[in-house]
Structures are given as structure tokens and as C-alpha cells.
Amino acid sequence: MKREVFEKGRLLEVYTDINDDGFGLGEVSEWDDDYLLLKEYTPFGEQDGVGLYSIGDIYKTAYDTEYCRKILRLASLLQEERTEYRFEGNLVFALLEASRAKRKIIDIQLCSSHRLDVSGIVESIDEGLCTVRQFTSAGERDGFVQLKICNISGIYYDSITQRKQEKALREKEAGGEEK
């Protein structure tokens, strides 16, 4: 994959699963030798957090397509206030630490599985391991997962779905339920 395509601010379609028609779509935010970080959009032009993709998993990218132009038009019609994200240094650790520090739900893909393997809030990062408190979509506690950070192939942070889960979680906590 030629890195010139990862021009900051470029709206980019990113394909990682050759067996699935789905793809990520967003503006290039950051990238390094191993990962690409996109400020993502929904198919309706809404801001949808950020997605971190393993460059080794990307088999195709596309830009300046009719679909990209459509999403930009929809986004301009929505006139949402732009959410800015700043992640510096190691992108994986920066996103994990943001989840821990801000108590934000993240979705993690492991070992290029092309699915969301872990969903929750990072509790700790220590010696190459990450512990995540999991929650159901309704904001119910669902135990803990410990994973090797080196196996992370994707992270999704601050998506619309995650914000809804966080709202449900805050409402449960405010209602006096166990934290």
C-alpha cells in the first residue's frame, strides 16, 4: 500500500475484509508504519468517532469516489459541530489510554478477525496486557477481558453506538446501581 494515499484530511474508503462488502470511511487523521487512524462517517454523513486500522489488513483503498462526494455533501448539510481528536505517539496505546482516562467505551478487533472481539472501557494497561471491563449494549456489566496489546488489529472509539452505550451506562450509574 503506497503511503501517499494516507494524505491527512483526505476522505478515504478502507477495505480490510475481502469476504465482506463493508468498509470504513473517514478522513485520514494520523498514520504510522503499522496503523491508519480515520475520523469516520456513517452512511448518512454523521460523524462516527475514529477507527484505527492495521495497515497490513488493508487490501484496498479508494478516494475521490462518487460515494465519498455524497458523504461530504450529506455531512455539510448536517452542519454538525466538528469533533476534534488528538492522539499522539503510539496510536494503539493512545486510544487505549483515552478509553481508560475518559471512561469511554471502545471496540477492539483482535488478530485481524474482522469482527469486534471486545467492547468496553479499559481498566488497566500493564506489561503488554490490557484489561477491559465489558458492558452489554444496554449498559449492563459483562465481566472483564484481558488481552495482549500486540494482538490488537483495530480499535473503534467514540462511535454513535458507543455514545449511546455510554449514555445508558451513565443513566444506570446515576440511578444508584452498583458501579
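**Stop 1: the buried face of α1**

Select α1 and the strands beneath its buried residues: β1 (11-15), β2 (24-31), β3 (35-41) and β5 (60-63) are what these residues pack against. The model on your screen is predicted. Now narrow the selection to the buried residues themselves. They are Cys-68, Ile-71 and Ala-75. Look down the helix axis. These residues share the same side of α1, because they cover an arc of only 60° around the axis. The general rule helps here: an α-helix has 3.6 residues a turn, so residues three or four places apart point the same way.

Widen the selection to residues 66-78, the whole of α1. Its 13 residues span 19 Å from first C-alpha to last, close to the expected 18 Å. Then step one residue past the helix. Gln-79 follows α1, and its phi is positive, near 50°.

**Stop 2: the sheet**

Hide the helices and show the strands. You have an open sheet of 10 strands with antiparallel pairing. Trace the order across: β5-β1-β2-β3-β4-β10-β6-β7-β8-β9. Which strands are at the edges? They are β5 and β9 (141-148), each pairing on one side only. Turn the view to look along the strands. Neighbours are turned by 35° against each other on average, direction ignored.

Bring α1 back. The helix packs on this sheet, touching β1, β2, β3 and β5. Its direction makes about 125° with that of β1.

Next, select α3, residues 160-174. This helix lies across β4 (47-54), β6 (106-110), β7 (118-126), β8 and β10 (152-157). Against β4, α3 runs at about 115°.

**Stop 3: β4 and its neighbours**

Select β4. Is this strand buried or exposed? Eight of its eight residues are buried, so β4 is largely enclosed by the rest of the structure.

Add β3. The two strands pair in the antiparallel sense over six bridges. Pick Leu-37 and look across to its bridge partner in β4, Leu-52. Follow the chain through the hairpin of β3 and β4, which has five residues between the strands. Gly-45 in this hairpin takes a positive phi near 85°.

Now add β10. Four bridges join β10 to β4, and the two run antiparallel. Return to Leu-52: opposite this residue in β10 stands Ile-155. Leu-52 therefore gives you a line across three strands, with Leu-37 as its bridge partner and Ile-155 opposite it in β10.**Stop 4: the β8-β9 end**

Select β8, residues 129-135, together with β9. Six bridges join these strands, which run antiparallel. Pick Phe-135. Opposite this residue, in β9, is Arg-141.

**Stop 5: salt bridges**

Show the charged side chains. As a general point, side chains of opposite charge can pair when their charged atoms come close. How many salt bridges does the structure hold? There are 13.

Start with Arg-10 and Glu-7. They form a salt bridge, with the closest N and O atoms 3.4 Å apart. Glu-7 is partly exposed, at a relative accessible area of 45%.

Move to Glu-84 and Lys-39. Their closest N and O atoms are 3.7 Å apart, and the two form a salt bridge. This pair links distant parts of the chain, 45 residues apart. Glu-84 is in the loop between α1 and α2 (91-102), while Lys-39 is in strand β3. Turn on the surface to see the contrast in burial. Glu-84 is exposed, with a relative accessible area of 56%. Lys-39 counts as buried, at 16% relative accessibility.

Go back towards α1 and select Asp-64 and Arg-69. They form a salt bridge, the closest N and O atoms being 3.2 Å apart. Asp-64 counts as exposed at 56% relative accessibility, and Arg-69 as partly exposed at 33%. Add Glu-66 and Arg-73. Salt bridges that share partners join Asp-64, Glu-66, Arg-69 and Arg-73 into one network.

**Stop 6: positive phi in two loops**

Select Arg-103, in the loop between α2 and β6. Its phi is near 55°, a positive value in a residue other than glycine. Arg-103 is partly exposed, with a relative accessible area of 40%.

Finish at His-114. Where is this residue? Look in the loop between β6 and β7. His-114 is not a glycine, yet it has a positive phi of about 65°. The residue is partly exposed, at a relative accessible area of 32%.

Notes. Residues numbered from 1 in each chain as written. Predicted model: local features only at pLDDT ≥ 70, side-chain atom pairs only at ≥ 80, totals over all residues. Heavy atoms only, no water. Expected span 1.5 Å × (residues − 1). Buried < 20%, exposed > 50% of the residue type's maximum accessible area, 1.4 Å probe, protein only. Arc of directions from axis to C-beta. Contact = heavy atoms within 4.5 Å. Pairing = 2+ DSSP bridges. Axes fitted to C-alpha atoms, helices over the stretch in contact; angles between N-to-C directions. Salt bridge = Lys/Arg side-chain N within 4 Å of Asp/Glu carboxyl O.
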